Amino acid sequence: MRNVPKVAAPKVAAAQRVVRQAMAAAMKQLPSLQTLNMATGATHAAAWANFDGQLQLVREDVGRHNALDKLIGALAAGGMDTAQGFAVITSRASYEMVQKAAMAGIGLLAAVSAPTALAVGIAREAGVTLAGFVRGSVAWSMPMRRTG
(Lines give C-alpha, C1' and ligand atoms only; values in the text may rest on other atoms or scores of the structure.)
Protein backbone atom coordinates (compact mmCIF):
# COMPACT_ATOMS: atom_id res chain seq x y z
CA MET A 1 0.00 0.00 0.00
CA ARG A 2 1.30 3.41 -0.95
CA ASN A 3 2.06 6.04 1.65
CA VAL A 4 0.16 9.24 1.04
CA PRO A 5 1.25 12.73 2.02
CA LYS A 6 -0.64 14.85 4.50
CA VAL A 7 -2.87 17.35 2.73
CA ALA A 8 -1.75 20.89 3.57
CA ALA A 9 -3.46 22.39 6.61
CA PRO A 10 -5.06 25.35 4.72
CA LYS A 11 -6.67 22.89 2.29
CA VAL A 12 -8.02 20.79 5.13
CA ALA A 13 -9.35 23.85 6.97
CA ALA A 14 -11.05 25.11 3.80
CA ALA A 15 -12.57 21.68 3.14
CA GLN A 16 -14.01 21.50 6.63
CA ARG A 17 -15.92 24.75 6.02
CA VAL A 18 -17.84 23.26 3.09
CA VAL A 19 -21.46 22.96 4.11
CA ARG A 20 -23.56 19.93 3.37
CA GLN A 21 -25.78 22.01 1.12
CA ALA A 22 -22.80 22.76 -1.15
CA MET A 23 -21.96 19.07 -1.45
CA ALA A 24 -25.61 18.23 -2.15
CA ALA A 25 -25.84 21.04 -4.73
CA ALA A 26 -22.75 19.78 -6.53
CA MET A 27 -24.06 16.22 -6.62
CA LYS A 28 -27.47 17.42 -7.81
CA GLN A 29 -25.89 19.25 -10.79
CA LEU A 30 -23.75 16.32 -11.83
CA PRO A 31 -26.23 14.11 -13.75
CA SER A 32 -27.18 16.92 -16.15
CA LEU A 33 -23.49 17.43 -16.99
CA GLN A 34 -22.72 13.75 -17.58
CA THR A 35 -23.18 13.69 -21.35
CA LEU A 36 -21.52 10.30 -21.81
CA ASN A 37 -23.66 8.75 -19.08
CA MET A 38 -26.79 10.24 -20.65
CA ALA A 39 -25.91 8.46 -23.88
CA THR A 40 -24.81 5.14 -22.37
CA GLY A 41 -26.11 4.89 -18.80
CA ALA A 42 -22.84 3.19 -17.93
CA THR A 43 -20.25 5.69 -16.75
CA HIS A 44 -18.94 7.18 -13.54
CA ALA A 45 -18.08 10.82 -13.07
CA ALA A 46 -15.69 12.86 -11.00
CA ALA A 47 -16.26 16.57 -10.71
CA TRP A 48 -14.62 19.64 -9.20
CA ALA A 49 -16.79 22.12 -7.33
CA ASN A 50 -16.10 25.48 -5.78
CA PHE A 51 -17.01 26.00 -2.13
CA ASP A 52 -20.50 27.16 -3.11
CA GLY A 53 -21.13 23.79 -4.75
CA GLN A 54 -20.97 25.06 -8.34
CA LEU A 55 -19.35 22.48 -10.61
CA GLN A 56 -16.30 23.73 -12.50
CA LEU A 57 -15.08 20.53 -14.20
CA VAL A 58 -16.63 17.13 -14.93
CA ARG A 59 -14.84 14.06 -16.25
CA GLU A 60 -16.44 10.72 -17.10
CA ASP A 61 -15.24 7.20 -17.70
CA VAL A 62 -16.58 3.67 -17.46
CA GLY A 63 -14.08 3.19 -14.65
CA ARG A 64 -14.54 5.19 -11.46
CA HIS A 65 -10.77 5.36 -10.95
CA ASN A 66 -10.26 6.63 -14.49
CA ALA A 67 -12.87 9.34 -14.03
CA LEU A 68 -11.01 10.65 -10.96
CA ASP A 69 -7.67 10.36 -12.76
CA LYS A 70 -9.07 12.45 -15.62
CA LEU A 71 -10.36 15.07 -13.18
CA ILE A 72 -7.02 15.30 -11.39
CA GLY A 73 -5.26 15.62 -14.74
CA ALA A 74 -7.62 18.41 -15.79
CA LEU A 75 -7.04 20.23 -12.49
CA ALA A 76 -3.28 19.99 -12.97
CA ALA A 77 -3.38 20.96 -16.65
CA GLY A 78 -5.55 23.97 -15.83
CA GLY A 79 -3.32 25.05 -12.97
CA MET A 80 -6.29 24.99 -10.62
CA ASP A 81 -5.68 25.40 -6.89
CA THR A 82 -6.99 22.35 -5.04
CA ALA A 83 -7.41 24.53 -1.94
CA GLN A 84 -10.29 26.32 -3.70
CA GLY A 85 -12.85 23.54 -3.91
CA PHE A 86 -13.65 19.88 -3.50
CA ALA A 87 -14.08 16.70 -5.53
CA VAL A 88 -17.36 14.84 -6.03
CA ILE A 89 -17.52 11.24 -7.26
CA THR A 90 -20.42 9.06 -8.41
CA SER A 91 -19.07 5.96 -6.73
CA ARG A 92 -18.13 4.59 -3.36
CA ALA A 93 -15.16 6.13 -1.62
CA SER A 94 -12.58 3.36 -1.70
CA TYR A 95 -9.10 3.66 -0.29
CA GLU A 96 -7.68 4.13 -3.79
CA MET A 97 -9.95 7.11 -4.40
CA VAL A 98 -8.83 8.68 -1.13
CA GLN A 99 -5.18 8.02 -2.01
CA LYS A 100 -5.63 9.75 -5.36
CA ALA A 101 -7.31 12.74 -3.71
CA ALA A 102 -4.55 13.03 -1.12
CA MET A 103 -1.80 12.78 -3.74
CA ALA A 104 -3.49 15.62 -5.65
CA GLY A 105 -3.81 17.76 -2.50
CA ILE A 106 -7.61 17.60 -2.47
CA GLY A 107 -8.87 18.34 1.03
CA LEU A 108 -12.42 17.02 0.63
CA LEU A 109 -13.77 14.06 -1.30
CA ALA A 110 -17.57 13.71 -1.48
CA ALA A 111 -18.98 10.40 -2.70
CA VAL A 112 -22.50 9.36 -3.58
CA SER A 113 -22.02 6.03 -1.83
CA ALA A 114 -20.34 4.60 1.25
CA PRO A 115 -16.71 4.99 2.25
CA THR A 116 -14.88 1.79 3.01
CA ALA A 117 -13.27 1.32 6.43
CA LEU A 118 -9.83 1.43 4.85
CA ALA A 119 -10.71 4.66 3.05
CA VAL A 120 -11.71 6.23 6.37
CA GLY A 121 -8.39 5.20 7.91
CA ILE A 122 -6.32 6.54 5.02
CA ALA A 123 -8.34 9.78 4.98
CA ARG A 124 -7.54 10.24 8.68
CA GLU A 125 -3.84 9.68 8.09
CA ALA A 126 -3.76 12.01 5.07
CA GLY A 127 -5.93 14.76 6.58
CA VAL A 128 -8.60 14.41 3.88
CA THR A 129 -12.19 15.15 4.85
CA LEU A 130 -14.36 12.35 3.53
CA ALA A 131 -18.11 12.62 2.90
CA GLY A 132 -20.22 9.64 2.00
CA PHE A 133 -23.84 9.11 1.05
CA VAL A 134 -24.01 12.56 -0.55
CA ARG A 135 -27.48 12.24 -2.04
CA GLY A 136 -30.11 14.95 -2.17
CA SER A 137 -29.92 16.92 1.04
CA VAL A 138 -28.32 14.05 2.99
CA ALA A 139 -24.59 13.76 3.57
CA TRP A 140 -22.53 11.93 6.14
CA SER A 141 -19.22 13.63 6.67
CA MET A 142 -16.38 13.28 9.05
CA PRO A 143 -13.43 15.62 9.40
CA MET A 144 -10.43 13.38 9.15
CA ARG A 145 -8.02 15.59 11.01
CA ARG A 146 -6.56 13.99 14.09
CA THR A 147 -6.93 15.75 17.39
CA GLY A 148 -4.34 15.32 20.09
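## Overall make-up

How many helices and strands does the secondary structure of the chain come to? The count is six helices and six strands. Please keep in mind that this is a predicted model.

If you follow the sequence from its start, the elements come in the pattern α-α-α-β-β-α-β-α-β-α-β-β. Three helices therefore open the pattern, and two strands close it.

## Burial, surface and contacts

The chain has 148 residues, and 48% of them count as buried. Its accessible surface comes to about 7,000 Å², with carbon and sulfur atoms contributing 54% of that area.

What about contacts across the sequence? Taking the contacts between residues at least 6 apart in sequence, 52% join residues at least 24 apart.

## How α5 meets α6

Now for a closer look at one helix pair. Two packed helices are described by the angle between their axes and the distance between those axes. Here, helix α5 covers residues 95-103 and helix α6 covers residues 117-126. Their axes come within 8 Å and cross at roughly 20 degrees. Because angles under 35 degrees count as roughly parallel, α5 is roughly parallel to α6. The crossing of the two helices is right-handed.

Which residues make the contact? From α5 come Y95, V98, Q99 and A102, while α6 supplies L118, A119, I122, A123 and A126. Sorted by class, this contact has eight nonpolar residues and one polar residue, with no charged residues. The polar one is Q99 of α5.

Notes:
Residues are numbered from 1 along each chain as its sequence is written. This is a predicted model: local features need pLDDT of at least 70, side-chain atom pairs count only at pLDDT 80 or more; totals for chains, interfaces and linings use all residues. Side-chain values use heavy atoms; hydrogens and water are left out. Axes are lines fitted to C-alpha atoms, for helices over the stretch in contact, and angles run from 0 to 180 degrees between N-to-C directions. Helices (H or I, at least four residues) and strands (E, at least two) are DSSP runs, numbered from the N terminus. Angles under 35 degrees count as roughly parallel, over 145 as roughly antiparallel, 65 to 115 as roughly perpendicular and the rest as oblique. A crossing is left-handed if the near helix is turned anticlockwise from the far one by less than a right angle, and right-handed if clockwise. Contact means heavy atoms within 4.5 Å. Buried means under 20% relative accessible area, exposed over 50%, partly exposed in between (1.4 Å probe, protein chains only). Accessible areas come from the Shrake-Rupley method with a 1.4 Å probe; for residues, only the protein chains shown count as cover.
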